[in-house]
Amino acid sequence: MIQFKPISCLILLVFLFETGCTEFCLRNDMHALILARGGSKGIKLKNLAEVGGLSLLARTIKTIQNSSCFKHIWVSTDDKRIAIEAQKYGAIVHRRPEKFARDDTPSIHAITEFLDVHKSIEDFALFQCTSVFLKTKYIQEAVQKFESHDCVFAAKRSHYLRWKIVDDILVPAEFDLNARPRRQDWKGDIVETGMFYFSRRHLINSGLLQNNRCSIVEIDVKDGLEIDSSHDLTLAKYILSSETKTDL
């Protein structure tokens with residue numbers, strides 16, 4: 001279990017900063033939530049890895065702020081270094097218990113724990129730090145669609161032809177070998193990117209993040225990069241250094 005030693009007043013204040021929603025949260029006011037635990041395996045402290053002069057966490061917080069869609073941005077973490085970074089950029093820190101920050105903890109369990117503590121929050125948007133090319137226009141479109149849907153998530157188009165194994169035999173998945181589709185002849189599959197998920201408490205209470213009343217925000221394929229490995233991190237740094245990114 002992580003011990004939060006009194007290294008400085010700042011560290012102590014970070015976790016005391018979490019304030020009950022009754023003071024500043026309005027019921028049905030949508031909240032942004034970032035799950036950022038400290039125990040990432042592929043890249044140590046991945047959420048604090050720097051890209052374009054900012055940590056992945058800072059980039060996500062600043063992009064959410066720039067969208068002007070949220071009054072409250074929460075970071076749920078078990079790590080004091082992440083907590084300090086979150087507070088530095090204006091987020092509210094939710095101290096996540098260790099049992100909800102393990103390698104095998106599903107995101108929905110961490111969300112449930114957060115909502116159990118902050119009972120006045122009904123609607124929320126979950127953001128992923130590792131989706132480095134999150135843009136304000138995607139967030140704003142999601143907010144608009146969320147007004148008439150139970151859930152909204154980021155997705156991209158894939159034109160890869162998929163195969164599957166059935167009874168040890170390799171067969172096409174949803175395409176005809178005798179009429180292989182050309183890229184221009186079909187819209188492609190819709191694939192989740194993990195960039196964000198807008199959802200509601202009643203879905204989480206049912207053990208779901210999404211239902212059949214969802215909508216999507218279709219992002220550019222080039223913005224779908226997720227930082228899961230050191231190679232991804234290097235690629236993101238290269239892209240940002242070679243392009244002028246004006247829409248943080």
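## A tour from an exposed aspartate to a covered helix

Select Asp 167 to start: this residue is exposed, at 69% relative accessible area (exposed is over 50%, buried under 20%, partly exposed in between, with a 1.4 Å probe and protein chains only). Before you click on, note that this is a predicted model, where local features need pLDDT of at least 70, side-chain atom pairs count only at pLDDT 80 or more, and totals for chains, interfaces and linings use all residues. Residues are numbered from 1 along each chain as its sequence is written, and side-chain values use heavy atoms, leaving out hydrogens and water.

**Stop 1: the E8–E9 hairpin.** Stay on Asp 167 and check the backbone: phi is near 55°, a positive value in a residue other than glycine. Most residues other than glycine have a negative phi. Now add the neighbour, Asp 168, which also isn't a glycine and has a positive phi of about 65°. Is Asp 168 buried or exposed? It counts as exposed, at 78% relative accessibility.

Next, show the strands on either side. Asp 167 sits in the loop between strand E8 (163-166) and strand E9 (169-172), and Asp 168 lies in that loop too. Strands here are DSSP runs of at least two residues (E), helices are runs of at least four (H or I), and both are numbered from the N terminus. The hairpin has 2 residues between its strands. E8 and E9 run antiparallel, joined by 4 bridges; strands pair if DSSP finds at least two bridges between them. To see one of the bridges, select Trp 163 and look across to its partner in E9, Pro 172.

**Stop 2: helix H3.** Jump to residues 56-67. These 12 residues make up H3, which reaches 17 Å from first C-alpha to last, close to the 16 Å expected at 1.5 Å a residue (the expected span is 1.5 Å times one less than the number of residues).

How many of the 12 residues of H3 are buried? The count is 9, so the helix is mostly covered. Colour the buried ones, among them Leu 56, Leu 57, Arg 59, Ile 61 and Ile 64. Then step just past the helix to Ser 68, where phi is positive again, at about 60°.

**Last stop: zoom out.** With the whole chain in view, there are 8 helices and 11 strands to find. Of its 248 residues, 46% count as buried. The chain exposes about 13,500 Å², with carbon and sulfur atoms supplying 51% of that (areas come from the Shrake-Rupley method with a 1.4 Å probe; for residues, only the protein chains shown count as cover).
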